[in-house]
Amino acid sequence: MSNKEEINGLIVDCVSNSRKAQEKLFKLFYGKMLYLVLRYHSDRDTAQEVVQEGFIKVFEKMSGFDMQGSFDAWIRRIMVNTAIDYIRKNNRLALVELSDNYREDFPEDSADELEHEFEKNRQMALESIQELSPAYKAVFNLYYVEDYTHKEIAEELGISEGTSKSNLAKAKMRLKQILEQKNGHNFL
């Protein structure tokens, strides 16, 4: 039996409220979903709480999964939305409004250098992302990790597209500063 067939069988059983199937599906995806949520919430206890809440939503909405698309993508979307909802609910997302010169604040060539540095030392970059404010971390992760557009981020977070762009630019600037501090040199 293939992995997809096994997961589809678990989904069918979960829709029928099989606790055993729910437990198996939970164990199968828990680690991956915790890792995903830790990108939004660096506190492990908070991330575990968000994952628990996310799985409750997964099991409640399981009958809506059409078995045609990727279950992995479907569950990831629910977890990301749950992580963002948690940030919103706890008023920890202080998004900065767009300034007219946000592009001047962060020149495009600096972004290219920063992306090159990420490739050189991925682990340091992941640790550095955890040091961002919740607002910057949310926008950065949605844009770079989840491949959301600025329009989708704006809709998801209830902000303008300009605010999304501004927060992403400022997140990059802050990451550049963090990386410079860790490496002890200037990337420009």
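An angle between two helices is taken between lines fitted to their C-alpha atoms, each pointing from the N end to the C end, and runs from 0 to 180 degrees. With that in mind, let's walk through this structure, which is a predicted model.

Start with two helices, α8, covering residues 134–145, and α9, covering residues 150–157. Their axes come within 10 Å and cross at roughly 140°. How should we describe that arrangement? Angles over 145 degrees would count as roughly antiparallel, and α8 and α9 are therefore oblique to each other. The crossing of α8 past α9 is right-handed.

Which residues make up this meeting place? From α8 come Val139, Leu142 and Tyr143, and from α9 come His150, Ile153 and Leu157. Sorted by character, the residues of this contact are five nonpolar and one polar, with no charged ones.

Now let's stay with α9 for a moment and look at Glu156, which lies in that helix. Is Glu156 buried or exposed? Its relative accessible area is 17%, and buried means under 20%, so Glu156 is buried. Setting aside residues up to four places away in sequence, Glu156 touches Asn81, Ile84, Arg88 and Tyr148.

Next, turn to the charged side chains that pair up. How many salt bridges does the structure hold? There are six, and we can visit a few of them, including one that involves the loop between α8 and α9.

That one is between Glu146 and Arg76, whose side chains meet with 3.0 Å from N to O. Glu146 sits in the loop between α8 and α9, while Arg76 belongs to helix α4 (residues 71–89), so this pair ties together parts that are 70 residues apart in sequence. Glu146 has 15% relative accessibility and so counts as buried.

Another salt bridge joins Lys24 and Glu6, with the closest N and O atoms 3.6 Å apart. Here, too, distant parts of the chain are linked: Lys24 is in helix α2 (residues 19–38) and Glu6 is in helix α1 (residues 3–15), 18 residues apart. How accessible are these two partners? Lys24 has 45% relative accessibility, so it counts as partly exposed. Glu6, at 27%, also counts as partly exposed.

A third example stays inside a single helix. Glu23 and Lys27 form a salt bridge whose closest N and O atoms are 3.0 Å apart. Both residues lie in helix α2, four residues apart, which is about one turn of the helix. Glu23 is partly exposed, with a relative accessibility of 41%. Lys27 has a relative accessible area of 58%; exposed means over 50%, so Lys27 is exposed.

Finally, let's find Val50, which has its place in helix α3 (residues 44–61). At 0% relative accessibility, Val50 counts as buried. What surrounds it? Leaving out neighbours within four places in sequence, Val50 is in contact with Val37, His41, Thr82, Ala83 and Tyr86. You can also check how Val50 relates to Leu38: the two are 12 residues apart in sequence, and their C-alpha atoms are 9.5 Å apart in space.

To look back over the tour, you have seen α8 and α9 cross at roughly 140°, and a salt bridge between Glu146 and Arg76. You have also met two buried residues, Glu156 in α9 and Val50 in α3.

Terms used
Residues numbered from 1 in each chain as written. Predicted model: local features only at pLDDT ≥ 70, side-chain atom pairs only at ≥ 80, totals over all residues. Heavy atoms only, no water. Parallel < 35°, antiparallel > 145°, perpendicular 65-115°, else oblique. Left-handed = near helix turned anticlockwise from the far one by under 90°. Contact = heavy atoms within 4.5 Å. Nonpolar A, V, L, I, M, F, W, Y, C, P; charged D, E, K, R; others polar. Salt bridge = Lys/Arg side-chain N within 4 Å of Asp/Glu carboxyl O. Buried < 20%, exposed > 50% of the residue type's maximum accessible area, 1.4 Å probe, protein only.
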